[in-house]
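These are my notebook entries on one protein structure. I set down each point in the order in which I looked it up.

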Amino acid sequence: PAGAAVSMGENPVFSSGGTVNGTGNRTLSSLVSPDHAIVITDVVLTTSDGYSSCFGNTRVTIENGSTTLASFSVGASNDSRSNTLYKSQLVGTLRSGIRLAPGVAPIVSMQSLSEGNCEDGSMGVEYTVSGYYAHP
């Protein structure tokens, strides 16, 4: 980003990440700026588990309160033929970005759609979101 849309000096970027096991969500309140909108431009998702026999798939959404702004799916298979309907990693570059108004925190939500043979009973999804701050 460049020009009038960029604010906060020469490095107006952010990044936040974590892990959610099974179904759950994380509110990324550390990204909130009362004076600047945030624009999410990149999303990286990977499945993780301590057991090699873990399988399943998870829907991952980025939300603004009750509104879904983006939806993705990742999963893992323990099929010995290495066949799977799911990708265990997703790297998404969102050219136009997902814009959230000043003071609004994005919510990363995971919904386990199916899983089995996982450590502690649930497959994990590791996430990273990054982007930049902009004038409102």
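**Entry 1: a pair across two strands.** Which residue in β7 does Thr 27 stand opposite? I looked this up in the model, which is a predicted one. Thr 27 stands opposite Ile 107 in β7. I then looked up the strands themselves: β2 and β7 pair in the antiparallel sense, over four bridges.

**Entry 2: the sheet around this pair.** I traced the neighbours of β2 and β7 next. They belong to an open sheet of four strands in the order β2-β7-β4-β5, and its pairing is antiparallel. The edges are β2 (24-27) and β5 (67-76); each has a single partner strand, so one side of each is left without a neighbour in the sheet. Direction ignored, neighbouring strands in this sheet are turned by 15 degrees against each other on average. I add a general note: strands of a sheet pair through backbone hydrogen bonds, either parallel or antiparallel.

**Entry 3: the other sheet.** I also recorded an open sheet of four strands with the order β1-β8-β3-β6, again with antiparallel pairing. Its edge strands are β1 (13-21) and β6 (89-100), each of which pairs on one side only. For this sheet I noted an average turn of 15 degrees between neighbouring strands, with direction ignored. How many bridges join β1 and β8? I found nine, and the two strands pair in the antiparallel sense. I noted one partnership by name: the bridge partner of Ser 16 is Val 129 in β8.

**Entry 4: the chain as a whole.** I counted the elements and found zero helices and eight strands. From the N terminus on, they run β-β-β-β-β-β-β-β. The protein has 136 residues, of which 41% count as buried. About 7300 Å² of the protein is exposed, and carbon and sulfur atoms supply 46% of that area. I also looked up the contacts with a separation of 6 or more: residues 24 or more positions apart account for 81% of them.

**Entry 5: a loop residue.** Where does Asn 117 lie? I located Asn 117 in the loop between β7 (107-116) and β8 (124-134). Its phi is positive, at about 55 degrees, although Asn 117 is not a glycine. I marked this value for a general reason: most residues other than glycine have a negative phi. Is Asn 117 buried or partly exposed? I recorded Asn 117 as partly exposed, because its relative accessible area is 47%, while buried means under 20% and exposed over 50%.

Note on methods:
Residues are numbered from 1 along each chain as its sequence is written. This is a predicted model: local features need pLDDT of at least 70, side-chain atom pairs count only at pLDDT 80 or more; totals for chains, interfaces and linings use all residues. Side-chain values use heavy atoms; hydrogens and water are left out. Buried means under 20% relative accessible area, exposed over 50%, partly exposed in between (1.4 Å probe, protein chains only). Contact means heavy atoms within 4.5 Å. Accessible areas come from the Shrake-Rupley method with a 1.4 Å probe; for residues, only the protein chains shown count as cover. Two strands pair if DSSP finds at least two bridges between them. Axes are lines fitted to C-alpha atoms, for helices over the stretch in contact, and angles run from 0 to 180 degrees between N-to-C directions.
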